[in-house]
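Please look first at the sequence and the model shown here, and then read on for a careful account of the shell around the ligand, of one helix, and of the confidence in the prediction.

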Amino acid sequence: MSLLLRNPFPLLHSISLNFPKHQHKRCTAMMEGSKVEATDEMKKLEGKKVFVAGATGMTGKKIVDQLLSKGFQVRAGVRDVESAKSSLSSNQNIQIVKADVTEGSEKLAEAIGDAEAVICATGFRPSLDLFAPWKVDNFGTVNLVDACRTVGVNRFILVSSILVNGAAMGQILNPAYIVLNIFGLTLIAKLQAEKYIRSSGINFTIIRPGGLRNDPPSGSIAMESEDTLFEGSISREQVAEVAVEALRHPEASYKVVEIVSRTEAPKHSFAEMFGHIKQG
Ligand SMILES: NC(=O)c1ccc[n+]([C@@H]2O[C@H](COP(=O)([O-])OP(=O)(O)OC[C@H]3O[C@@H](n4cnc5c(N)ncnc54)[C@H](OP(=O)(O)O)[C@@H]3O)[C@@H](O)[C@H]2O)c1
């Protein structure tokens, strides 16, 4: 239990890279009109301001760094502005703003301010509050989506998790699915938030990584369609890269992607990887 309190995803971390054969579903659903629209939208985002919720998290920090290194401006949403000033990189293109996703959409709309896209990398911090996952990973994300509607932001990237739809995938007895849901219905909370985003009309990319690792990338990114992967892990660096590249590729629009890292996987461009996933 002490391990669970430190990291709610221990089983996703430790699962070995033993993959089933997957069907690569070709992207056939994207209509020409929406593609043109999404391409224009992406071009407009290059170099623009992006709000990052959960900017002090292990993945959030890497997202902030990659946004800055790729020429974006960042509004870093944090719960504790003072401590974030010392933990986040100091750069003229970063503004640190207070943003607790449980405090409602009005405050979040102020925090998003003049940003033109939102990346959500929040995750509940383990505590004695059993409702924390529901408050942060479901209601918190819903609040963020509502805030986007208020300020007119139309691009939303969410870092979610593989196995969120484990029950529908026949993975109800998967130990990771059981543990993560016993611990505050974490995966179910994330799935509910995903559903909200998908019905919001906002251009979304939902990224579902396998178990997160802090070590540098050791293999290539393997990207699959939703409800495909149920094991594997990936470096947070690669998750951050996928989140930032989703902003730069129209092929990522209105998609759910599942990602792990595989040493034997061939290296593909982001356009190819996002392109082979169908819209949903
Ligand atoms: N760990 C895994 O193996 C794994 C696997 C798949 C998916 N995921 C998901 O991937 C995402 C990133 O995971 P991570 O391990 O990199 O995250 P993390 O280091 O645990 O960071 C979580 C972030 O969420 C923030 N946060 C918590 N409650 C908040 C609230 N009420 N309002 C605003 N921000 C809040 C934290 O802020 P403070 O710094 O202020 O606490 C922190 O910045 C999470 O959604 C996680 O569930 C994790």
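## The shell around the ligand

In this predicted model, 30 residues surround the ligand, and among these Phe9, Gly54, Gly57, Thr59 and Gly123 come nearest to the ligand. Two or more residues of the shell are given by each of α2 (10-14), α4 (58-69), α7 (132-151) and β7 (211-213), and the element that gives the most is α4, with three residues. The table sorts the shell by class.

| Class of residue | Number in the shell around the ligand |
|---|---|
| Nonpolar | twelve residues |
| Polar | 13 residues |
| Charged | five residues |

## Helix α6

Which residues of helix α6 are buried? In this helix, which covers residues 105-112, the buried residues are Leu108, Ala111 and Ile112. When one looks down the axis of α6, its buried residues fall within an arc of 95 degrees, and therefore they line one face of the helix. The buried residues of α6 pack against the strands β1 (49-53), β2 (73-78), β3 (94-98) and β4 (117-120), and also against α7. Just after α6 comes Gly113, which takes a positive phi of about 55 degrees.

## Confidence in the model

The protein chain has an average pLDDT of 89, and 85% of the residues score at least 70. Over residues 15-32, however, the pLDDT is below 50, although this stretch has 24 contacts in the model beyond near neighbours in sequence. Where pLDDT is low, the predicted coordinates should not be read in detail.

Note on methods. Residues are numbered from 1 along each chain as its sequence is written. This is a predicted model: local features need pLDDT of at least 70, side-chain atom pairs count only at pLDDT 80 or more; totals for chains, interfaces and linings use all residues. A residue is near a molecule or strand if its C-beta atom, placed from the backbone, lies within 6 Å of it. Helices (H or I, at least four residues) and strands (E, at least two) are DSSP runs, numbered from the N terminus. Ala, Val, Leu, Ile, Met, Phe, Trp, Tyr, Cys and Pro count as nonpolar, Asp, Glu, Lys and Arg as charged, and the others, Gly among them, as polar. A residue is buried if 20 or more other C-beta atoms lie within 10 Å of its own, exposed if 12 or fewer, and partly exposed in between; C-beta atoms are placed from the backbone. The arc is that of the directions from the helix axis to the C-beta atoms. Two residues are in contact if their C-beta atoms, placed from the backbone, lie within 7 Å. pLDDT is the predictor's confidence in each residue, from 0 to 100.
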